[in-house]
Amino acid sequence: MAETRKGFLIDTTRCIGCRSCQVACKQWNKLEADKTANQGSFENPRDLTPNLYNRIRFVEQADSNSVKWLFLNERCMHCGDAGCMKVCPSPGALYRTKEGIVAFNREKCISCKYCVSACPFNIPRYGADDKVSKCNLCGDRVAGGMPPACAKACPTQSIQFGNRSELVARAKAAKKSIYGESDLMGLGVVYALEGKPEQYGLPAKPSIPVSIFLWKDVIKPLGILGFWGSVGAMLLHYVTIGPKKLEDETNNKEGSHE
Amino acid sequence: MSNYIERFSARERVLHWIVTGSFFTLLLSGLGLYSRLFNGYFTLFGGGRNAIVVHKIAGVVFFLSSLYMYLSHRKEVAAFDADDRSWIEQRGGYLSRKATHFNIGKYNPGQKLFALFIGAATLLLGVTGIFIWSPASFPRWLVQLSLLVHGLFFVLSVMFVIVHVYLATIGNPGTIEAMLWGRVTRPWARKHHPKWYKDVAGE
């Protein structure tokens, strides 16, 4: 996968918060508009929705006499080790393309919503049709050799799309502080940040939630072992020690004349 | 004098089989959700979406019936006397062929522990099931923890049920009849539950 893996390098230092990426994404993916409300910030909408695959998170940093913004393009990270794919019980509902994209097929989604709980970044949303919804990295455009709509629309080249390894090498050469190079076997979305990940609302060390790991990697295999262990133990008991038959008693003091 | 005495009333038997039926419905509809390895079990219900619907309905039936069964026996299954303790010390005589005699009441300590476990498991599986049912309505950490607990108690329940089925059928011939048509033979009662037999038969 490494040679063919596509990805984003999102350089937050270049982002001007214009939200062209949000609009272009909605247009290409034919996503309905969401009604929003003014909540005292330029950030709009305030969260991802089933009709909003990416958005700019506005982080206001106030010091004594000025306010500074940090902009973060928030979306599915297309993790190398994807929690959503780990828990999805419906084969083919969430799948990886040859470009390394974590894509989804709504026809196969069974609405269990396990992916919502397993995502390290809280990205998947469920809409009115009760099916999974998230950035699909414009898989149709990428398959046709075109950049995703958001990258195409970005006027400052904050969102760059291409071979992941080349983008990471370029960011490293430019001495950028990068996020997501190796976490979760490498994120498909690598950021160049201006500060600590936490300042952007990103987890410093993203990982699949511990309870999800214990469920899928510990309890699941041990459970299967436990099932066969119990069946085996009962069979072993039957052939070694055997059942408690009533006839055992009749030779003793207890008569059976009733 | 009849050779049979009543062990479970018709009401108790019907309730037990409602719990059993919903348990196995939950097991079959949940297997595909437990792991992709068991995806084939979804076809029993016409696909994963339907299996989830069946799982939710059976979950409500199991939760209510199993909890009711536990609550209506909670006093009997929570009390352990000195005879029960000697049964536990010798593992009910199940680990050797030597004939053993315990002065056991209507339920032996193994049955009591099984009832206590299933009561607790019903509560935990039911409550975590509600959180998993509608993950958007609850904090993420709570739903994540619920998925873990639900999986764990599913596995433990299945393991306990395997032992339960073995001991109630081929492990102790004559036992299943108590749950099928309610009656057991006097020798069976004298052997397995002598204290209870004395109470009901007055011998």
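## A tour, starting inside chain B

Select Leu167(B) to begin: this residue counts as buried, with 21 C-beta neighbours inside 10 Å. Keep in mind as you click around that this is a predicted model. Leu167(B) sits in helix α6 of chain B. Now add Phe114(B) to your selection. Leu167(B) and Phe114(B) are 53 residues apart in sequence, yet their C-alpha atoms are 12 Å apart in space.

**Stop two: two helices, two chains**

Stay with α6 of chain B, which covers residues 140-168, and also select helix α7 of chain A, residues 210-240. How many degrees is the angle at which these helices pack? It is about 0 degrees, and the axes are 9 Å apart. That is under 35 degrees, so α7(A) counts as roughly parallel to α6(B).

Show the side chains here. On the α7(A) side, the residues making the contact include Trp215(A), Ile219(A), Gly223(A), Phe227(A) and Met234(A). Across from them, α6(B) brings in, among others, Leu148(B), Gly151(B), Val155(B), Met159(B) and Tyr166(B). Try colouring by residue class: this helix pair's contact has 17 nonpolar and 6 polar residues, with no charged ones.

**Stop three: the whole side facing chain B**

Widen the selection to everything in chain A that touches chain B. You should pick up 35 residues of chain A, in contact with 41 residues of chain B. Which elements of chain A give two or more residues to this side? They are α3 (114-118), α7 and α8 (247-250). Of these, α7(A) gives the most, with 13 residues. Keep the class colours on: the chain A side divides into 17 nonpolar, 10 polar and 8 charged residues.

**Stop four: chain A from a distance**

Hide chain B, zoom out and switch to a cartoon view. Chain A has 8 helices and 10 strands. Turn it around and you'll see that its C-alpha trace spans about 100 × 45 × 40 Å along the principal axes. Is chain A compact or spread out? The radius of gyration is 26 Å, well over the 18 Å that the globule rule gives for 258 residues, so chain A is more spread out than a compact globule. Even so, 38% of its 258 residues count as buried. And among contacts with a separation of 6 or more, 59% are between residues 24 or more positions apart.

**Stop five: three loop spots**

First up, select Asn44(A) and Pro45(A). A cis peptide bond joins them, with omega at about -10 degrees. You'll find Pro45(A) in the loop between α1 (20-28) and β2 (55-62).

Next, jump to Arg19(A), in the loop between β1 (6-11) and α1 of chain A. Its phi is near 70 degrees, a positive value in a residue other than glycine. Is Arg19(A) buried or exposed? Arg19(A) is buried, as 20 other C-beta atoms lie within 10 Å.

Then go to Met185(A), in the loop between β9 (177-179) and β10 (189-193). Met185(A) also has a positive phi, about 55 degrees, although it is not a glycine. With 10 C-beta neighbours inside 10 Å, though, Met185(A) counts as exposed.

**Last stop: a check on confidence**

Finally, colour chain A by pLDDT. The average is 93, and 95% of the residues score at least 70. Now select residues 252-258 of chain A: the pLDDT there is below 50. Beyond near neighbours in sequence, that stretch has 8 contacts in the model. Where pLDDT is low, don't read the predicted coordinates in detail.

Technical notes. Residues numbered from 1 in each chain as written. Chains lettered and ligands numbered in written order. Predicted model: local features only at pLDDT ≥ 70, side-chain atom pairs only at ≥ 80, totals over all residues. pLDDT = per-residue confidence, 0-100. Contact = placed C-beta atoms within 7 Å. Axes fitted to C-alpha atoms, helices over the stretch in contact; angles between N-to-C directions. Helix = DSSP H or I, 4+ residues; strand = E, 2+ residues; numbered from the N terminus. Parallel < 35°, antiparallel > 145°, perpendicular 65-115°, else oblique. Nonpolar A, V, L, I, M, F, W, Y, C, P; charged D, E, K, R; others polar. Rg over C-alpha atoms; globule rule 2.2 N^0.38 Å. Buried ≥ 20, exposed ≤ 12 C-beta atoms within 10 Å, placed from the backbone.
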